[in-house]
Amino acid sequence: MTRSQDAEIAAVFELPDFRRLLFAVASTTLASRALAVVVGYQVYALTKSPFALGYLGLVEAIPALSLALYGGHIADRYDRRSILRVTLAALVVCAAAIASIAAMSTGGLSLAALYVVVFVAGIARGFAEPAISAWEAQIIPPALMMKASAWFSSTWLCCAIVGPVLGGASLAAWGPAATFGCFAALFALAWVCVSRMQTYPVIPPPEGESIWQSIAEGVKYVVRDQVLVGSMALDLFAVLFGGAIAILPVFASDILHVGPIELGFLNAAPSAGALLTMLYATRRPPLAHAGRNLLVAVGGVGIAMIVFALSTSFWLSLAALAVAGICDGISVVIRRSIVRLLSPKHLRGRIAAVGMVFIGASNELGALESGLAAGWLGTVRSVWAGGLVTLLIVCVTAVRAPLLRQLRLDTLPKAKIKQRKGKAG
C-alpha cells in the first residue's frame with residue numbers, strides 16, 4: 001500500500017462524524033441482525049409453524065417499503081440527525097419494553113409482542129435508511145466517498161455475520177429478558193453516537209409543493225438518470241433472477257448430498273466473498289472505470305451462479321458462491337458511491353428511498369422467485385436460467401445506458417470539489 005493510500009484512509013478516519021456514524025452503523029446492525037434471529041427463534045418456539053416465520057418478513061417489509069418513499073420526503077425536509085435520533089429512540093423503547101415484559105412474565109413472550117417488535121423495526125427502517133444515506137453524503141467529502149462507502153459496507157457485513165451468532169448465544173446463555181436488554185443497550189449506544197454528531201442544513205423545499213409532488217420528483221429524477229436507474233435496476237434484476245440462497249437447502253440435500261454443516265458454509269460463502277472485496281476496496285477502491293466494473297461484476301455474479309447450478313461438487317459450489325459474493329461486493333461499493341455522489345443535494349433522501357425500494361423488492365421478491373422458479377423449472381434449471389437472464393440484463397444495460405458504462409468515479413469527486421470552490425468564490 002502506498003503512502004497516498006495510507007493518507008486517504010487516515011483522512012477518512014480523521015473525520016469525527018465519520019467515526020461516530022460508523023460506530024452507530026455497527027451497533028445498530030449488530031442489534032437488528034441479532035434481533036431478527038432471536039425473534040424468529042421465539043416465534044417458531046411458540047407456533048411450530050414455518051408460515052409464522054414467513055409472516056415475520058412481511059411484518060417488517062410492509063411498513064419499511066411502504067414508508068420508504070415518504071421517509072425520503074421527510075429526509076429532504078427535516079434535520080436528518082433528528083430523524084435518526086427519533087427512530088433509534090423508538091427502537092430503544094421497544095426493545096426495553098419487550099425485555100421488561102419477558103422479565104415479568106412467567107409464561108414467556110406472546111406472539112403479538114414479538115410481531116410488534118418487528119413492525120416497529122420496519123417503521124424505523126423506512127425513515128432511517130433514506131435519512132442516513134442523505135446524511136452520509138453531507139458528512140463525507142466527495143473525494144473520500146468511495147473509501148468511506150467501502151468501510152460502511154464492510155462494517156455492516158461484518159456485523160451482519162457476527163450479530164446473529166451473538167444473538168443466538170445470548171438467548172441460550174441469558175434468556176430473552178437479558179437478550180432484549182442488550183439490544184436496547186446497543187440501540188442506545190447508536191443513539192449516543194448520532195446525538196454527538198453535527199447537524200447539517202437541509203435545502204428548503206419549494207413553496208406550495210405537496211407531499212406527492214415531492215415524492216414524485218425523486219422518482220422521476222431516478223427514472224430519467226441513466227446512471228442511477230441503470231445501477232439500481234442491475235441490482236434489482238441480478239438479485240431477483242441470479243440468487244439461489246433461498247433454495248440452498250435443496251442443493252445441499254438433493255444435489256450435493258451434504259449435511260447441515262456444509263449448508264452453513266454454503267450460506268456463508270457469498271458473505272465471506274463480499275467481505276473480502278469490501279475490505280480490499282477500503283484500500284484500493286474501484287474508482288476508475290466504475291461503470292464498466294459494475295457491469296462486469298454483475299455479469300460475474302451471473303456466471304458464478306451458472307457454475308454453481310451445474311456443479312455436483314461441494315467444493316466447486318462453495319467456490320462459485322464465494323466468487324458470486326466477491327462480484328456482489330464490488331457492485332455494492334460502486335452502487336453505494338453512485339447514489340451518494342450523483343444525487344443532487346435537495347433530492348438525496350428521496351433518491352436513497354427509491355434505491356431502498358429497489359433493494360427491498362429484490363430481496364423480498366428474489367426469495368419468492370427462487371422458490372417459484374424451482375417448482376416450475378426444476379431446481380438446477382431455475383438457477384442456471386436465472387444466471388443467463390442476469391447476463392442478458394447486463395448486456396441490455398450496457399447498450400441502453402452508455403453513460404453508466406462510461407462512468408468514472410476517480411475524476412468525479414475532483415470535479416465536484418472544483419465546482420464547490422467555484423461557487424464559493
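How many salt bridges does a search of the whole structure find? The search finds five. Keep in mind that this is a predicted model, and let's walk through some of those pairs before visiting a few other spots.

**Stop 1: D17 and R20**

Select D17, which is found in helix α2, running over residues 16-47. Now add R20: the two side chains meet in a salt bridge, with 3.3 Å from N to O. Both residues lie in helix α2, three residues apart, or about one turn of the helix. The partners differ in cover: D17 counts as buried because its relative accessible area is 4%, under the 20% cut-off, whereas R20 is partly exposed at 23%.

Stay on D17 and show what surrounds this residue. Its side chain makes a polar contact with the side chain of Y200 at 2.9 Å. The D17 side chain also reaches the backbone nitrogen of Q198, at 3.4 Å. If you leave aside neighbours within four places in sequence, D17 is in contact with I139, R196, M197, Q198 and Y200.

**Stop 2: R125 and E129**

Next, move to helix α5 (residues 111-139) and pick R125 and E129, which sit four residues apart there, about one turn of the helix. Their side chains form a salt bridge of 3.2 Å, N to O. R125 is partly exposed, with a relative accessible area of 21%, and E129 is partly exposed as well, at 34%.

While you are looking at charged pairs, select D76, R80, E217 and R350 together: salt bridges that share partners join these residues into one network.

**Stop 3: R350 and D76**

Zoom in on one pair from that network. The side chains of R350 and D76 meet in a salt bridge at 2.8 Å, N to O. This pair links distant parts of the chain, with R350 in helix α13 (residues 348-377) and D76 in the loop between α3 and α4, 274 residues apart. Are these two partners buried or exposed? R350 is buried at 3% relative accessibility, and D76 is buried at 1%.

**Stop 4: L88**

Now go to helix α4 (residues 80-104) and select L88. This leucine is buried, with a relative accessible area of 7%. Draw a distance from its C-alpha to that of A188: the two are 7.2 Å apart in space, yet 100 residues apart in sequence. Not counting residues up to four places away in sequence, L88 touches T28, F187, A190, W191 and V194.

**Stop 5: a nonpolar patch**

Switch to a surface view and colour Y55, L58 and I62. They form a nonpolar patch on the surface, and their accessible area together is about 330 Å². Within the patch, L58 has its place in helix α3 (residues 50-75) and is partly exposed, with a relative accessible area of 47%.

**Stop 6: H257**

Pick H257 in the loop between α9 (248-255) and α10 (260-281). What is its phi, given that H257 is not a glycine? The angle is positive, at about 55°. H257 is exposed, with a relative accessible area of 62%.

**Last stop: cysteines**

Finally, select C182 and C327. C182 is partly exposed, at 33% relative accessible area, while C327 is buried, at 13%. There is no need to look for a disulfide, as a search of the whole structure finds zero.

Key
Residues numbered from 1 in each chain as written. Predicted model: local features only at pLDDT ≥ 70, side-chain atom pairs only at ≥ 80, totals over all residues. Heavy atoms only, no water. Helix = DSSP H or I, 4+ residues; strand = E, 2+ residues; numbered from the N terminus. Buried < 20%, exposed > 50% of the residue type's maximum accessible area, 1.4 Å probe, protein only. Polar contact = N/O pair within 3.5 Å; in protein donor to acceptor, adjacent residues only side chain to side chain. Contact = heavy atoms within 4.5 Å. Patch = residues over 30% accessible without salt bridge, like charges linked within 9 Å, V, L, I, M, F, W, Y side chains within 5 Å. Areas by Shrake-Rupley, 256 points an atom, 1.4 Å probe, with all protein chains shown as cover. Salt bridge = Lys/Arg side-chain N within 4 Å of Asp/Glu carboxyl O. Disulfide = S-S within 2.5 Å.
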